Amino acid sequence: MTITATDEQRSILDLGLTSIRVRAGAGTGKTTTVAMVIANLVESHDIEPERILGMTFTNKAAAELAGRVAEFLPESVDPSRQVEVHTYHGFAAQVLAEYGALAGVDNRSGVITPTFARQLIRDVFFAVPHAKLDMTWSGTLDNIRKLGDQLGDHLLRPEDIIKASAIHGGDEVWAKRVEIAETLSRYNDAKAELAVVDYADLVTLSTRLLQRHTGLAETIRRRYRAVVLDEYQDTNPAQRVLLMTIFSGGFPVIAVGDEDQTIYEWRGASSENFDLFMEHFPTQDGRPAHDTSLTLNRRSGPGILDIANEVRQMANPGSDVLRPAEPDVTEVTTHWASDALAEAEWIARQFESLHDEGSSWADMAVLFRKNKDFPVIMDVLGRHEIPLEVANVGGLLGVPEISHLRAWLTVLDNPGDSTSIAQILLGTGYRLGIADLAALTRQLTTTGPDADDAEDPQPVTLVEAIERADEIVDLGTEARARLGRFHLVYRELLVEAQGLSLAETCRIVLDRTRAWQDIEALPDSARLTARLNIYRFLDLADDWSPLSGRPSLTAFLEYLQAMEDEPAEELDTARLSGEDAVTLVTVHRAKGLEWENVAIPAVVKDNFPARSGGFPDPIRFAYQLPVEFRLDTVVSDLPDDEDARRSFLRRRHEAQEWRVAYVAVTRAKRRLLVTGSYWYGLPEPRATPAEPSALFQLIESSPGTIDGGHAPPGPRPALLRSPDDSPSPDPLFEGGWRSGLLMARENPAHIRDLARERGVEDEYLRLIDEWEGRLFDLDDAGEPVVAEDEKTISVTGLVTYAQCPKRFYWAEIDPLPRRRNPAAVRGSEIHRQIELHQRGEVPFEDLEHDLYDAIEPADEAPGAFAAYQASRFADRQADLVEAAFSVGLENDYQVRGRIDAVYREDDHWEVVDFKTGRPSSDPSRIVQLQAYAIAARDVLELPAESRLDVTFAYLGGGLSEATTRADQAWVDEARSRLTQLTDDIERGEFMATPGEWCHGCDFLRFCEPGRRETGS
Ligand code: SF4
């Protein structure tokens, strides 16, 4: 194959057999250059192909590289003499396979994937109790994995941490770190028992082996005459040490990479490897390796490259400038829409016109920064009948046909899984309604083997209830017939799936549930999309084999669950089917791929670039490897001061986000569409409109960018919802739930009438009661609705967190059921009355003292409202009452709350919080006044010289006041306390801190430390 080398490539080839670093910008023909270098070594330096070692990251890249090299080799070379191309891990695995016995590693050891690793860690973690690690929080497993990965990245063992803890002291962080290391040590034992190793072990064990048996490195080195390292910027320090152990000291090593495409720093890649390559791998005469660069971009046209260069400067000021190889016309267009649906519509229409103009669907891709933005684009492009290929496995598990198949597999594995049965029954195959399910589920406790014994109902499974559907009087004939059909299919599948392989089981489920017929009935584009998704899932089932034992359905389903929880499986470049479909993929998985036309949606502030909380602080977080243990020095200048440290880590994280943006924009060859909108969140939009991100603004203001329209700001829509053209899933509301809601708005009695007609009135009333009860339990019902991903916290939440992070976790993050609290209801009533009184709306004599004043029935002291009446606050007019506020902290958190009353006398301000209970010694309470003081200073903008007091007025058992002077120093300290608390929340610190407050905690029955504290 003849390709003329460019001047840049020629100058690299001319350097010949020596150590070289090649800085290859995006689209500059990196793989071609690597193949040219190898062919040149064979042709011009008489090196046998099999004595050249190539390395890259994924099996796919290794296969591609081997293919390219074969194309470039001179015809005179025997085609059976091939260059040896490995992945970095594959090379380490080969060293172990050959010499592992010397390190005590069975050379037949299997290599486990990150998902299996997670399963094993989970097993060893839950096998023993832990004093410091939270066993109820799923994030603990992630943290164990994180420290385990970092140990591997820096050639350490868990025992190194345990030993070092003796020197580094026994503070809380180290105590936790030691528990994590102990878990990892047991994980290593479990791997040894199963005769398996994980990816990190491959590098660690092989490096140790070579360092201990020095002659082995020389033996391996003698096999080769040159090494070519691809994607070198993504290697970790352990991989670099392995390579140096064998190939340092003048051996010709050629490393190709792009420091500005390092997007895996958070999972161990060290930018220092690429930066210091010239020192690590000097030339034979001891001089630093040659440093060269490729800047001629063959992929994209000038307009896209202008943007790419600007983005690259944001990531790495002073980096090389990419030059276009061809002056082809390219287009960069931005569009700002009113909301996420309109944004997706715009992308769909652009893709349709490109298709009309002759582009294939396969030439188009949508690149996402975050998985959460997939569904709306997937939905709208699907409605436009555009064929799609979802290239992320995590996204695949969420598409309807795969979710449905998984539900059937789950039911076959576990007939007690009511959620999966309900999903199937409510789906398009059986179309049962909520009322039918309610009738069915009532049988779960009222029917049983001893159904006649009404005194002692026995629980049954949903499948058993379905078996007796004929006996359920509330079910209509049609519903009974549908349940009968479900039951028949279920029984057939149970019999037929016996002894089948997983892939066969999936196929038989698809056959029996008539999934293929349903897919055939879809329009062309949707049919192709569904087929691609199912084939990808069948491939997954085919390829899968378990860690131990035979491949069972249970183990496979557990594997899927673990895969959903384990993002590390999602990181390699996506493999595309080659079908004519638009690719939907995250930017991380798009690295190494390219398309003619690329759309990047949701380029809005805090989404892309993602909001930067910074890399985790190794001093504060147990799961971070302390700096002194690292093999590199990239964070060795970590400041001691906490604030300085935070901004240092944040800057590093921001630079990585810009590198992700650089990868995204350089995937496009001809057209780049960059979009955003004001409103996101389906069906309920976020509380505040989104703004264009710095990336959007940069692209929008670039001279060559086409303005594709900017919608004017509009009010927040009540709901964002795609038009629902599917038939009603619920026979109770034939026109669909939306029309049911509209009817209820017209006539509130309508739904109850309907329920009565259908004979489900009791069920309806019970549900209404249940929901009303939940509404009573809402603490801050009056506060604005906030979006899930917005960094917002209520004052109540902050106080709870300060008191006990675990309690906050169970209240806000992963809510557990709470008790209905009559005292809270009474408290709300008293506050409401105080507010009305302050507004002059309710005369004292109208109040019902019996209701509002009773703190405890036996208490002889005056009631809460009586105490208020007698206080200095009752006859003063407050300037502000029940004043809602929202104040921002330095870490971008918004704290929201409501101040009971603000009084003012000249330049003296007093913020008062009325408490219906007695004075408390709980130190966390002060957080509330701290938030109020900040709000008063920031929102009321009090002059600096004005006096501000903050007061708790306790009304329970007679008035008691606690006032604090909130001068500037006090408020500054308050601000840093609140920032600290919210930082801790952001970091996922949710340790239980038991104390006297456990007695009143809703979660006491779930909480071991709380029960120990209270002796219950
Ligand atoms: S019982 Fe105590 S320790 Fe447990 S969550 Fe509640 S307040 Fe925290």
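Colleague: How are H33 and H38 oriented to each other?

Modeller: This is a predicted model, in which local features need pLDDT (the predictor's confidence in each residue, from 0 to 100) of at least 70 and side-chain atom pairs count only at pLDDT 80 or more, whereas totals for chains, interfaces and linings use all residues. Residues are numbered from 1 along each chain as its sequence is written, and side-chain values use heavy atoms, leaving out hydrogens and water. Helix H33 (residues 795-803) and helix H38 (residues 926-939), numbered from the N terminus as DSSP runs (H or I, at least four residues; strands, E, at least two), pack with their axes 8 Å apart and at an angle of about 140 degrees, where axes are lines fitted to C-alpha atoms over the stretch in contact and angles run from 0 to 180 degrees between N-to-C directions. Angles under 35 degrees count as roughly parallel, over 145 as roughly antiparallel, 65 to 115 as roughly perpendicular and the rest as oblique, and therefore H33 and H38 are oblique.

Colleague: How many residues of the contact of H33 with H38 are nonpolar?

Modeller: Contact (heavy atoms within 4.5 Å) is made by Val-795, Leu-798, Val-799 and Ala-802 of H33 with Val-927, Gln-928, Ala-931 and Tyr-932 of H38. Ala, Val, Leu, Ile, Met, Phe, Trp, Tyr, Cys and Pro count as nonpolar, Asp, Glu, Lys and Arg as charged, and the others, Gly among them, as polar. In this contact no residue is charged and 1 is polar, while the number of nonpolar residues is 7.

Colleague: How many nonpolar residues does the shell around the ligand have?

Modeller: The residues surrounding the ligand (each with a heavy atom within 4 Å of it) include Cys-804, Arg-807, Trp-810, Trp-997 and Gly-1010. By class, this shell has 1 charged residue and 1 polar residue, and its count of nonpolar residues is 9.

Colleague: Which helix has the lowest mean pLDDT among the elements of the protein?

Modeller: The protein has a mean pLDDT of 82, and 84% of its residues reach 70 or more. Where pLDDT is low, the predicted coordinates should not be read in detail. Helix H29 (residues 694-700) has the highest mean, 97, whereas the lowest mean, 31, belongs to helix H36.

Colleague: What is the phi of Leu-155?

Modeller: Leu-155 sits in the loop between helix H6 (139-153) and helix H7 (158-168). Most residues other than glycine have a negative phi. Although Leu-155 is not a glycine, its phi is positive, at about 55 degrees.
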